[in-house]
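Grab a coffee and open the structure viewer. Here are a few short exercises, each with a worked solution to follow along.

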Amino acid sequence: MSDNNLSDVDFLCNYPNLVGLSLKNNNLSDLSVLGNLQNLEDIELYNLGDVKNLDFLGRLQKVKRLILDFDRTVDLSKINELKGLVKISLSERCSFNLSLD
């Protein structure tokens, strides 16, 4: 869902079987609802307004591929919980708070 001027993604709860999601260039601030999409394996998040909190990632145990591109600092502390993660791509345009325990 690119360039749709989305300000809310709560409607995605109606699609619990989604395995891939790409959100690009939308005006979002809260992505916590994505934590309910337990079947997500492939996530791409690009330029999403004021999104800073990615804690929902900790609830997505099936994620294998994660692409993040933001122009601000984003907290990635929950990334350690993605045990199935095979590929991650982080933009050079942003900084990340990341603790690898």
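Helices and strands here are DSSP runs, with at least four residues for a helix and at least two for a strand, numbered from the N terminus. Keep in mind that this is a predicted model.

**Exercise 1. Work out how many helices and strands the chain has, and in what order the elements run.**

Step 1: Count the elements. You should get 0 helices and 6 strands.
Step 2: Read from the N terminus on, and the order comes out as β-β-β-β-β-β.
Step 3: Add the overall picture. The chain has 101 residues, and 38% of them count as buried. About 5500 Å² is exposed, with carbon and sulfur atoms supplying 44% of that.

**Exercise 2. Find which strands are joined to E3 by bridges, and say why E3 is described as largely enclosed.**

Step 1: Start with E2, residues 42-46. It runs parallel to E3, and 5 bridges join the two. For one pair to look up, take Glu44, whose bridge partner in E3 is Ile67.
Step 2: Now go to E5, residues 87-90. This strand is also parallel to E3, joined by 4 bridges. Here Arg65 stands opposite Lys87.
Step 3: Check burial, where the cut-off is under 20% relative accessible area. In E3 (residues 65-69), 4 of the 5 residues pass, so the rest of the structure largely encloses the strand.

**Exercise 3. Trace the network of salt bridges that includes Arg65.**

Step 1: Begin with the total: the structure holds 4 salt bridges.
Step 2: Pair Arg65 with Asp42; their closest N and O atoms are 2.4 Å apart. This links distant parts of the chain, since Arg65 sits in E3 and Asp42 in E2, 23 residues apart.
Step 3: Arg65 also forms a salt bridge with Glu44, at 3.1 Å between the closest N and O atoms. Those two residues are 21 positions apart, again with one in E3 and the other in E2.
Step 4: Move on from Glu44 to Lys24, where the closest N and O atoms are 3.8 Å apart. Lys24 belongs to strand E1 (residues 20-24), and 20 residues separate the pair.
Step 5: Put it together: Lys24, Asp42, Glu44 and Arg65 form a linked network.

**Exercise 4. Sort the four network residues: which are buried and which are partly exposed?**

Step 1: Recall the limits: buried is under 20%, exposed is over 50%, and partly exposed lies in between.
Step 2: Glu44 comes in at 14%, so it is buried.
Step 3: Arg65, at 24%, counts as partly exposed. Asp42 is partly exposed at 26%, and Lys24 is partly exposed at 26% too.

Note on methods: Residues are numbered from 1 along each chain as its sequence is written. This is a predicted model: local features need pLDDT of at least 70, side-chain atom pairs count only at pLDDT 80 or more; totals for chains, interfaces and linings use all residues. Side-chain values use heavy atoms; hydrogens and water are left out. Buried means under 20% relative accessible area, exposed over 50%, partly exposed in between (1.4 Å probe, protein chains only). Accessible areas come from the Shrake-Rupley method with a 1.4 Å probe; for residues, only the protein chains shown count as cover. Two strands pair if DSSP finds at least two bridges between them. A salt bridge is a side-chain nitrogen of Lys or Arg within 4 Å of a carboxyl oxygen of Asp or Glu.
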